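Colleague: I am new to this one. Can you walk me through the inside of it?

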Amino acid sequence: MKAPAHECLGPVVRPGSTPNVIAEYKSSAAFSPAGQDTGSAATDRQIILNLKTLFERDPALISSLMEDPERHPSTPCATTLMVAAREALDARPNSAELHYHVARAAARLGRPQEAASLLERALELNPCHSGASVLLNDVCMLLKEPHRAVAWVQRLLRADTAPPSTVSPGGRDRRGNELFT
């Protein structure tokens, strides 16, 4: 059974909308003087910092929190998660896995442009990231930009990302097990 919509949860996130996450959070009820007191705002900030630390350690947690099958994340909750995820990205800008999971969250919130740019960065950092390439393809199709998806697929195919084999093809038995010499 679906819970009734409440005005306190804020507007529904619509696909295609790409609001500035941090500005949206600061303008939300969590930071409005009428909505919350100073202690509550400090608590919210502490929650964001704790989430940021967790996301840095385990980026898959972002996707787990955003993809609750029971409901679509409420705007304040989703905004808090995205602010923490963005701060984790600022702390670890070279993490392909973090870029991928933040992109999944952005796509879930109906922000395909943001998701596409995050996925492109993830693929720049790790061209072998299959999840990022599959999601980028889906996001590009959603954006009606199939040429963008094709360009990335071609770029990935041209990249020589396979590590050199340490065992010669003759160094395996009939089952494919490595033979030690």
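Colleague: Which residues touch the most other members of the largest nonpolar core?

Modeller: This is a predicted model. Its largest nonpolar core holds 35 residues. Those that touch the most other members are F55, I62, V102 and L119.

Colleague: Which helix gives the most to this core?

Modeller: Several elements give two or more residues, among them helix 2 (38–57), helix 5 (96–108) and helix 8 (146–158). Helix 4 (75–91) is also on that list. With eight residues, the top contributor is helix 4.

Colleague: What does F55 touch, leaving out residues up to four places away in sequence?

Modeller: Contact here means heavy atoms within 4.5 Å. F55 is one of the core residues that touch the most other members. Its partners are L61, I62, L65, L81, A84, A85, A88 and L98.

Colleague: How much space lies in the largest cavity?

Modeller: The count takes cavities of 30 Å³ or more, and it comes to one. The space in the largest cavity is about 50 Å³.

Colleague: Which helix gives the most to the lining of that cavity?

Modeller: The lining is L123, S133, L136, N137, A149, W152, V153 and L156. Helix 7 and helix 8 each supply at least two of these residues. With four residues, the one that gives the most is helix 8.

Colleague: How many residues of that lining are nonpolar, polar and charged?

Modeller: Sort the lining residues by type. S133 and N137 are in the lining, and they count as polar because neither is on the nonpolar or charged list. The split is six nonpolar, two polar and no charged.

Notes
Residues numbered from 1 in each chain as written. Predicted model: local features only at pLDDT ≥ 70, side-chain atom pairs only at ≥ 80, totals over all residues. Heavy atoms only, no water. Core = buried A, V, L, I, M, F, W, Y, C linked by side-chain atoms within 4.5 Å. Buried < 20%, exposed > 50% of the residue type's maximum accessible area, 1.4 Å probe, protein only. 1 Å grid on protein atoms, 1.4 Å probe; cavity = no way out; pocket = protein on both sides within 12 Å on 5 of 7 lines; lining within 4 Å. Points joined across faces, edges and corners; volume = space filled by probe spheres on them.
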